[in-house]
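This report describes the arrangement of a protein model, from its chains and domains down to single residues.

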There are 2 protein chains.
Amino acid sequence: MKDNTIRSFTYELLRKYGMTTVFGNPGSNELPFLKNFPSDFRYILGLQEGAVLGMADGYALATGQPTLVNLHAAAGTGNAMGALTNAYYSQSPLVVTAGQQARNLVGVEAMLTNVDATQLPKPLVKWSYEPAEAEDVPRALSQAIHEATLPTPGPTYLSIPHNDWDKPASANMAHLLQRHVDVGARPNPGQIAGWAELLERARKPLLIFGPEVDAQQANSDAVKLANKLGAPVWVAPSESRCPFPTDHPSFRGVLPISIREICEHLEGHDVILVAGAPVFRYHKDIPGNYLPEDAKVLHVTGDTHQAARAPFGEALVANVKQSLAALVDAVNVKGRKLPKPIKKPKRTDDPIGAMHPGNLFHLLDQLAPDNVSYVKEATATKETFWAHMTMSQPNSYFFPAAGGLGFGLPAAVGVQLAMPDRRVVAVVGDGSANYGITALWTAAQYQVPVVFIILKNGTYGALRGFASLLGAEDSPGLDVPGLDFCAIARGYGVEAESANNAEAFERLISSAIRQQNRPFLIEVSTTFGE
Amino acid sequence: MKDNTIRSFTYELLRKYGMTTVFGNPGSNELPFLKNFPSDFRYILGLQEGAVLGMADGYALATGQPTLVNLHAAAGTGNAMGALTNAYYSQSPLVVTAGQQARNLVGVEAMLTNVDATQLPKPLVKWSYEPAEAEDVPRALSQAIHEATLPTPGPTYLSIPHNDWDKPASANMAHLLQRHVDVGARPNPGQIAGWAELLERARKPLLIFGPEVDAQQANSDAVKLANKLGAPVWVAPSESRCPFPTDHPSFRGVLPISIREICEHLEGHDVILVAGAPVFRYHKDIPGNYLPEDAKVLHVTGDTHQAARAPFGEALVANVKQSLAALVDAVNVKGRKLPKPIKKPKRTDDPIGAMHPGNLFHLLDQLAPDNVSYVKEATATKETFWAHMTMSQPNSYFFPAAGGLGFGLPAAVGVQLAMPDRRVVAVVGDGSANYGITALWTAAQYQVPVVFIILKNGTYGALRGFASLLGAEDSPGLDVPGLDFCAIARGYGVEAESANNAEAFERLISSAIRQQNRPFLIEVSTTFGE
């Protein structure tokens, strides 16, 4: 039943880009878009817009494809803006649309008018726009899709008056269905040759890989380069993805997050290649020298801002995968030995009534399938997690790129929807879980078989760590007692059990991982710390 | 233990303005502010920033005082921005502060840097700022407080680098403790005389009151004017407060929300005084004439934007309470009869297993204490609610002013904290409840005795109504099945029971209202519609 409206043309355009999964939470302004929703599309409802955006973010990160989010005017957009901080920093190609009031009611600021709509999502979107007339809606959407995916990728925003959708589509719109925008971002041989020579001649080269490597599925290129150079590999600090197999002998772990500590870890290396990450994304304020003396940083990224912003280094703005592949070809060394692999920590004794997070991760690593994908949002246990887990494939790890809480539960649902053939395990703290809690409902309703693990220690663990660093241990608001995530999960329709020892956890996780079409939540009492 | 830091001076400044209740959710950037948190302050922790801001909004609305909110950088601010839409439209004097990264880490965009911090909360704040040096923090906070409270009141935003707090306070800061900013916004006699004469001579005057009347506690002035003129009174459309006692004979109800329907309701009136509301805050798109022919609109508001934006009417920008009081004095008529009071709808028969919302409200109205305060967020039942409830005091009703969902549960907690001597009853839909669900935890932890009533009909009721209007009944995402709010509430530490008939509801509400120091949640199965 094809009509000739802006609406039906828009669905045609979305089909062209494979954007047939729509994440949303509708209000009255959005209904005219959702009217006659085509049967080849699926609508994933979230109960709060932060969760909606987080789910879409996970989906976009795991597919690498532009993903449509449909939010309700200013209030819906506002609710999603915490989640947007992560999407912006993970370069997630989200196309966020929000319904605007009818054009005749915008000037008088009728209820649900998105006033200064294009201003609202800034600075957390690459581009934001409200078409000046209905006829421009399809072109604007086409632009929003391309803006979201072209380098540097990131979210875009479109505010669309709700009385535009029934207007007729014009013949000129058909050109949009024929458009194709390609990108040339390959380095030329001269650009690569100099770096190859520096790496060949380096006394002690070091490789640091970041999220762009995983986003571009360049993990195997990273491995080839490490193999050729025999170099150790660190994951860039404030990691949001796993760019390099943790079971490769070169793998050293994740760099720390302060200027001084990073410098200490780089000590002794003369040529340091950083690929697909900022140099560097610091976090903790421990001042020091950026780099050891005489260390040379070679920095390749597709992100123009990161290249411009960096306080040191020789930068190449180019596609990271193509640059790594070119370097692999160009570097001419043989017989380099790989470093000795690092050892995993051993399992320790748990106290009665709780597990050490390290022991939990140890067990999880043993029991999870090889191609498991982790969504992690338990900041205090990041290091312990990386020390224990085996992650050998692309898309094996997702962490909020801006540190914005509310990512874990929703993103896990989105990643699982994107990769139905892999099992997604969300590892989330009892503080973090509350920011995106309603994603549990979506998991239940759409039978998304995520295994949710809540680490329950009754406190904001990462904050406790910072409180020591800052001498602020007496601050209020650091503890979160009195939470029963099994009850909450059941309230949202998700089966749940709690565990307070390794045996119980082992039993629950083994059974949860086998479930094929429904989520399961395990609340584990954990100790604060390792 | 007084030190001489920016931090300790800031707490002194907050004391001066009575801002000793801090609503927040901390991250590492905020810890240096919260260090040595003074014992005469209280910190109200919320588990998600939308709920934090909603609680603060309720508190500020009920107290009328500037209220401090402390959020975590960009992600925390972002999470709160849906709630900020309501605070902006309800002119809530919120002073929102957010921790910024250490000054030395802002340029390199370290994790948790709030990039373009002053841009982020726009356009939902009146003023936003990041001090250019630590020494300016106290003055900037003083400005933020005054900006929030001066006409037109509204939220303000301050981003404060976390390494500013330990810096020394300068002698010049002491002047801030002496400051006082007063406002002259009283109309002069000439401005009032003309309007008084128009009202005296009017054949059929009409009064329309809006939220500024309740915010300024001018309800009794509104009553005096109605009594003098013998005029009927409507509440302005898209109501967010109750400006006029519903048990007064003049009370007609709330005006509808479309241009055409409002015009129909104004038919026959020659002079229409609108006080403390926009003319008008429409919502539904049913075009028509703004006003009946020859109707004259007199519009008094303290909001300069509303006066500038209005498409009709003679406006006076002045304090609403003082203007109403002046009109009461100036209007010289006697012996006018009041209209006959409207009748409340009768109770009807409930189907088996559910209650009609009207019957629920009927019972609630009978059983609630006289000075009850309602926080309402169940859009589909707004009209039914107003038809049944008795609200005779100021601060008896709060509804999200921008229609942003996530207000109900949090605002109820804030209102109850602001008015411990009154009982707050939150009436919230099963769709709406999810957007601010974590406020339940704060109610439990701080023993805030709100009675939460969840109307559970399994659907976004207001959307269902709009879907009919827009012919979009087939839209996806309109239903919310599979929710158990009793389980969720218990998971957050709140005692809860469900009711699916009048007897059960009566028993539960009677007992809940008597509880003095803990919240209670009642989930009621309701029918869709009246």
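Strands, as named here, are DSSP runs of E with at least two residues, and they are numbered from the N terminus. In this predicted model, one such element is strand β4 of chain B, which spans residues 94-100 and holds T97(B).

**Three buried positions in chain B**

T97(B) has a relative accessibility of 6%; because buried means under 20% relative accessible area, T97(B) counts as buried. Beyond its neighbours within four places in sequence, T97(B) is in contact with L68(B), V69(B), N70(B) and L71(B), and also with L141(B), L158(B) and I160(B).

S159(B) belongs to strand β6 of chain B, residues 156-161. With a relative accessibility of 0%, S159(B) is likewise classed as buried. Its side chain forms a polar contact of 2.6 Å with the side chain of E130(B). E130(B) also appears among the residues that S159(B) contacts beyond four places in sequence, together with A98(B), Q100(B), N114(B), A117(B), Y129(B) and P131(B).

The third position, V223(B), is located in helix α11 of chain B, residues 219-229. V223(B) is buried, at 17% relative accessible area. Outside the four places on either side in sequence, V223(B) is in contact with F244(B), P245(B) and H248(B). The C-alpha atom of V223(B) is separated by 9.5 Å from that of P243(B), and these two residues are 20 apart along the chain.

The accessibility values of these positions are collected below.

| Residue | Relative accessibility |
|---|---|
| S159(B) | 0% |
| T97(B) | 6% |
| V223(B) | 17% |

**Nonpolar cores**

In soluble globular proteins, nonpolar side chains tend to be buried together. The largest nonpolar core of this model comprises 197 residues, and those with the most contacts inside it are L53, F452 and Y492 of chain A and L53, F452 and Y492 of chain B. A second core, separate from it, has 66 residues, including W195(B), V223(B), C242(B) and I513(B). For L53(B), the contacts beyond four places in sequence are V69(B), L71(B), A80(B), A83(B), L84(B), A87(B), L94(B) and V96(B).

**Relation of the two chains**

Chain A superposes on chain B through a rotation of 180° with 0.0 Å of shift along the axis, at an RMSD of 0.0 Å. This is the relation of a two-fold axis. Within chain A, the C-alpha nearest the axis belongs to I488(A), at 2.1 Å from it. Of the interface residues of chain A, 100% are also interface residues in chain B, so the copies meet through the same surface.

Helix α19 of chain B, residues 461-469, has G461(B), L463(B), F466(B) and A467(B) as its buried residues. The cover over these buried residues includes α2 (31-34) of chain A. Just after α19(B), G471(B) adopts a positive phi of about 65°.

**Domains of chain A**

The domain assignment divides chain A into domain 1 (6-178), domain 2 (189-330) and domain 3 (357-525). The C-alpha centres of domain 2 and domain 3 of chain A are 29 Å apart. Their contact takes 18 residues from domain 2 of chain A and 15 residues from domain 3 of chain A. Between them, domain 2 and domain 3 of chain A bury about 1400 Å², of which 58% is on carbon and sulfur atoms.

Terms used
Residues numbered from 1 in each chain as written. Chains lettered and ligands numbered in written order. Predicted model: local features only at pLDDT ≥ 70, side-chain atom pairs only at ≥ 80, totals over all residues. Heavy atoms only, no water. Helix = DSSP H or I, 4+ residues; strand = E, 2+ residues; numbered from the N terminus. Buried < 20%, exposed > 50% of the residue type's maximum accessible area, 1.4 Å probe, protein only. Polar contact = N/O pair within 3.5 Å; in protein donor to acceptor, adjacent residues only side chain to side chain. Contact = heavy atoms within 4.5 Å. Least-squares fit on C-alpha atoms with pLDDT ≥ 70 in both. Core = buried A, V, L, I, M, F, W, Y, C linked by side-chain atoms within 4.5 Å. Domains from an automatic or database assignment. Buried area = accessible area lost by both parts, 1.4 Å probe.
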